[in-house]
Amino acid sequence: YKNLQEVPKGLSSNVTILTLSANRISWLGQGSFAEVPEVQSLWLGYNQIGVVEPGAFALLVHLKNLDLSHNMIADFPWQDLHNLSGLQILKMNNNRLAGLPRDAFHFLKDLRSLWLNDNELTTLAEGTFNNLPSLSQLQIFNNPFNCSCKVFWLKKWTENTSVSITKGGSTLCVAPSKLKGKAVTDIPDHHCVAPSVQLTYLSNLDNTVMYDGLTLTLHCSVAGNPPPEIRWKIQTSSRRVEISGPNVARDGNIKQSQERFLVFKNGTMAIPKFSKEDEGIYTCLAVNDVGTRDVSVNVALAGSENPAEDLLRDDPLASHFGGQSCYKGDEMDPSGAGEKLVIVYHIPRESKSRDGGTVPQVHLGTLLLALGIVLCC
């Protein structure tokens, strides 16, 4: 209550408790506390602090209590907290914080009490309160939470944590409209469902003759709420490709530069003229606000007049298991992610074309799932 407009100069270097509450301080600079490196308790509540420069608190390694409540802080140098491993109480309530980095508090191993209530937080990143083994009290009420599935993790965390969440019933949703006024802890489970994903191959080419080579077609089926986004990751011996969303428009035009891999809106990916260069691991990811799931398959190509022997020569770990084949629409079990999908084909005798010439025929054999399962054409 001294009407101070800045941190005063001339403080003793052995100060351990500094109370500057209820003044008119509006700015904290990098050197504001350079004179008090031994301070353990710093009370700055009820000021007009709106600007905190990076480094303002970084050197206060002995700090145990920090009160910045009832100010106007919208942006804070969270990296300053990395050095404050001994901090036990952090009060940042009644400010203008609209967001927090996921790792804002990850270095505060001794933090017992965290006050974030009465800010402008609309969401919190999953894991915000991880790595806080000493945390026993948390206040996050009176924030305008948007209860999309991005904060569903908070509901689950509050159900399982031993941390006391003060006035938990006041941690209310302001959006979406159907959840407005409900507590975050009352978000219905069916409102947010983690993704599930299944990978199948599609082919109606069995026993047909093709003249343009083999087209590998994989289909990624996903479920969840909100509806998951489908992404693909492809790792071959020569390149690594990531495709987020479809790259083939409804009119058939390719929207992205990765024309080698055609991704459609329905979750299907086609690789025309599939060759040895396209061998590798194909991963489908289903991503929504609740989480991410993926399933992978290792695709290999065996082609000769004796494909079984060709495959065994290429992969000495392969072996014969008669009768175990994968038919159209078979699911690639996520638990078997990374197993080998072997495409076996061979070149039969040349056939006569209409003009009397010869046409090489590519005959699609069998698509096979598990490592070592080989069926000849």
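This text walks through a sheet, a pocket and a histidine in a predicted model.

Start with the sheet. It is open and built from 7 strands. Their order is S1-S3-S5-S6-S7-S8-S10, and the pairing is parallel. Strand S1 (17-19) and strand S10 (164-165) stand at the edges. Each has a single partner strand, so one side of each is left without a neighbour in the sheet.

Now look at the S10 edge. Strand S8, residues 137-139, runs parallel to S10, and 2 bridges join them. Within this stretch, Gln-137 stands opposite Ser-164 of S10.

Turn next to the largest pocket. Its space comes to about 160 Å³. Several parts of the sequence contribute to the lining. Arg-102 is one of the lining residues. Thr-123, Leu-124, Ala-125 and Glu-126 are also among them. So are Cys-149, Lys-150 and Trp-153. Asn-288, Asp-289 and Val-290 complete the list. By character, the lining divides into 5 nonpolar, 2 polar and 4 charged residues.

Finally, find His-191. This residue lies in the loop between strand S11 (173-175) and strand S12 (193-201). Is His-191 buried or exposed? His-191 counts as buried because its relative accessibility is 14%, and the cut-off for buried is under 20%. Which residues does His-191 touch, leaving aside those up to four places away in sequence? The contacts are Cys-147, Cys-149, Lys-178, Leu-179 and Asn-225. Cys-149 links two parts of this tour: His-191 touches Cys-149, and Cys-149 also lines the largest pocket.

Note on methods
Residues numbered from 1 in each chain as written. Predicted model: local features only at pLDDT ≥ 70, side-chain atom pairs only at ≥ 80, totals over all residues. Heavy atoms only, no water. 1 Å grid on protein atoms, 1.4 Å probe; cavity = no way out; pocket = protein on both sides within 12 Å on 5 of 7 lines; lining within 4 Å. Points joined across faces, edges and corners; volume = space filled by probe spheres on them. Nonpolar A, V, L, I, M, F, W, Y, C, P; charged D, E, K, R; others polar. Helix = DSSP H or I, 4+ residues; strand = E, 2+ residues; numbered from the N terminus. Buried < 20%, exposed > 50% of the residue type's maximum accessible area, 1.4 Å probe, protein only. Contact = heavy atoms within 4.5 Å. Pairing = 2+ DSSP bridges.
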